[in-house]
Amino acid sequence: MKIQRVKGTRDLLPEDMAKRRYVFEKIREVFEAYGFKEILTPTFEYTKLFELRSGEEVVEQLYAFEDKGGRNIALRPDLTSSVARLFVNYFQTAPKPIRWYYIANMFRYEEPQSGRLREFWQAGVELIGSPNIEADAEVIALFIESYLNTGLREFTVNIGDRVILDEFAKMLGVEDDIGLMRLIDKKDKMSREDFTKSLREFGLGEEEIEKVFALIELKGKPDDVLPKAYELFESETAREELKKIEELFELLKAYGVENYALVDFGIARGFDYYTSIVFEAIAPNDLGIGSIGGGGRYDNLIEVFGGKPTPATGFAIGIERLIPILESKGLLPELKVGSDVFIVYIGNELEIKKKAIEITQMLRKAKIKAEYDIQRRKLSKALDYANSIGARVVVILGKRDLAEGNVTIRNMESGEQITIPIEKTVEEVKKML
């Protein structure tokens with residue numbers, strides 16, 4: 001019986017892993033430059049943790065099961081809930097703010113498509129303990145710089161606000177504000193006709209529907225959008241929130257990243273726990289990939305999990321979405337996988353095998369990626385194999401070489417060969433590499 005991989009998962013080959021490691025490290029560089037420290041929580045948690053605040057759609061997509069002890073367990077669909085649980089368990093009295101980051105795999109049972117898998121990786125941060133707009137600006141600037149450090153330039157970070165959407169729902173007389181947010185959040189996945197139909201089914205009249213379209217069309221640079229928003233919203237709560245957004249964009253100018261940020265009052269993000277500023281990154285592409293990451297402020301989540309009221313904000317970058325876009329734009333460098341040096345020995349005597357291993361270890365201790373031939377190939381076959389793995393240098397050890405204390409080093413690109421004393425192997429190999 002041939003067992004296939006599970007739908008919605010991937011086998012990652014050495015070349016794939018090299019690309020992922022490169023992207024992870026580029027993101028990690030920025031995270032740590034901003035003072036964030038790496039954490040990792042368990043792959044599974046009690047299902048209740050995610051049911052409390054993740055949102056209806058995510059709860060429906062949980063990989064949840066009963067373990068052998070009769071406990072209801074779920075694989076993590078995101079890390080924010082786990083981070084909040086960790087904070088409540090151990091860090092409520094720690095100095096604030098807390099700056100944590102993670103790079104980890106998540107699981108959601110949803111229909112696989114371009115950039116969307118059932119097992120997927122995210123790189124994200126959580127900034128816990130500050131209610132101020134400075135924290136939102138810090139996180140959004142970090143979000144933008146993380147993409148920039150991977151080489152991506154064609155993208156925007158669209159910034160919305162859940163308070164504004166709450167006030168909008170009140171203006172329309174809508175009691176189910178969360179339901180309206182979820183509907184607005186899905187607008188980009190529907191045609192205008194289907195979105196209009198959904199709004200009617202939600203219970204909105206033609207006048208209210210026109211106002212919804214007026215809201216979601218409030219998108220662009222703050223100087224263009226915010227004056228129109230002040231005209232649309234009259235409540236003091238909304239106006240105070242708009243002032244915060246004005247300040248946010250001024251702070252982003254200080255970070256030097258304002259050109260990548262837009263106001264977009266038509267985004268809500270899928271999780272119910274967001275309370276104020278929300279944002280997502282969009283990179284134009286022909287791959288059918290939408291948002292490549294997002295986040296926002298969640299000031300009530302820690303309290304839901306039994307902690308003291310604690311403000312927080314954060315984001316997650318979708319690795320399965322980012323890497324294909326970087327590849328399609330030619331932004332990933334050529335990454336070498338495997339050994340740079342291949343050591344071949346001629347003969348079957350124990351002493352020559354031991355010397356081949358010693359030479360291999362010399363190279364490895366000098367931080368040179370090396371392997372020796374454990375298949376006992378003839379020289380011609382060994383050179384063919386060295387070519388197949390992309391080895392740039394071959395070290396050849398024969399009986400006469402061993403007796404004279406020498407090795408032959410072959411440059412696989414030029415075909416040049418030299419014979420040198422064994423003790424000079426590392427020095428000469430470094431020159432060739």
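Helices here are DSSP runs of H or I with at least four residues, strands are DSSP runs of E with at least two, and both are numbered from the N terminus. Keep that in mind for the views below, which all come from a predicted model.

**View 1. The whole protein, with its 17 helices and 17 strands.** The radius of gyration is 28 Å, well over the 22 Å that the globule rule gives for 433 residues, so the protein is more spread out than a compact globule. Along its principal axes, the C-alpha trace spans about 90 × 55 × 50 Å. Buried residues make up 50% of the 433 residues. Take the contacts with a separation of 6 or more: 68% of them join residues 24 or more positions apart. On the outside, the protein exposes about 21400 Å², and carbon and sulfur atoms supply 49% of that. As for charge, count 63 positive and 74 negative side chains, with the centres of the two sets 9 Å apart.

**View 2. Helix 8 (residues 192-202) and its two sides.** Which residues of helix 8 are buried? They are Phe195, Thr196, Ser198 and Leu199. These four cover an arc of only 160° around the axis, which puts them on the same side of helix 8. Their packing partners are helix 7 (177-185) and helix 9 (206-216). Now look at the face turned away from the buried side: there you'll find the exposed residues Glu193 and Glu201. Just after helix 8 comes Gly203, with a positive phi of about 115°.

**View 3. Ser276, in the loop between strand 9 (261-264) and strand 10 (277-282).** Is Ser276 buried or exposed? Its relative accessible area is 4%, and buried means under 20%, so Ser276 counts as buried. Leaving out residues up to four places away in sequence, Ser276 touches Gly160, Asp161, Arg162 and Val163, and also Glu241, Lys244 and Arg297.

**View 4. Tyr260, in the loop between helix 11 (236-255) and strand 9.** What does Tyr260 touch, once residues up to four places away in sequence are set aside? The list is Ile144, Leu148, Arg153, Phe155, Thr156 and Val157. For a sense of scale, try Glu334, which sits 74 residues from Tyr260 along the chain; the C-alpha atoms of the two are separated by 27 Å.

**View 5. The cis peptide bond from Lys96 to Pro97.** Check the omega angle of this bond and you'll find it near 0°. Why single it out? Most peptide bonds are trans. Pro97 has its place in the loop between helix 4 (80-90) and strand 5 (98-107).

**View 6. Lys367 and Arg376, each with a positive phi although neither is a glycine.** Here's the background: most residues other than glycine have a negative phi. Lys367 has a phi of about 65°, and Arg376 has one of about 55°. Where are they? Lys367 is found in the loop between helix 14 (350-365) and strand 14 (370-372). Arg376 is in the loop between strand 14 and helix 15 (379-388). Exposed means over 50% relative accessible area. Lys367 has 75%, so it counts as exposed, and Arg376, at 54%, counts as exposed too.

Notes. Residues are numbered from 1 along each chain as its sequence is written. This is a predicted model: local features need pLDDT of at least 70, side-chain atom pairs count only at pLDDT 80 or more; totals for chains, interfaces and linings use all residues. Side-chain values use heavy atoms; hydrogens and water are left out. The radius of gyration is taken over C-alpha atoms; the globule rule is 2.2 Å times the number of residues to the power 0.38. Buried means under 20% relative accessible area, exposed over 50%, partly exposed in between (1.4 Å probe, protein chains only). Contact means heavy atoms within 4.5 Å. Accessible areas come from the Shrake-Rupley method with a 1.4 Å probe; for residues, only the protein chains shown count as cover. Lys and Arg count as positive and Asp and Glu as negative; His and the chain ends are not counted. The place of a charge is taken as NZ of Lys, CZ of Arg, CG of Asp or CD of Glu. The arc is that of the directions from the helix axis to the C-beta atoms.
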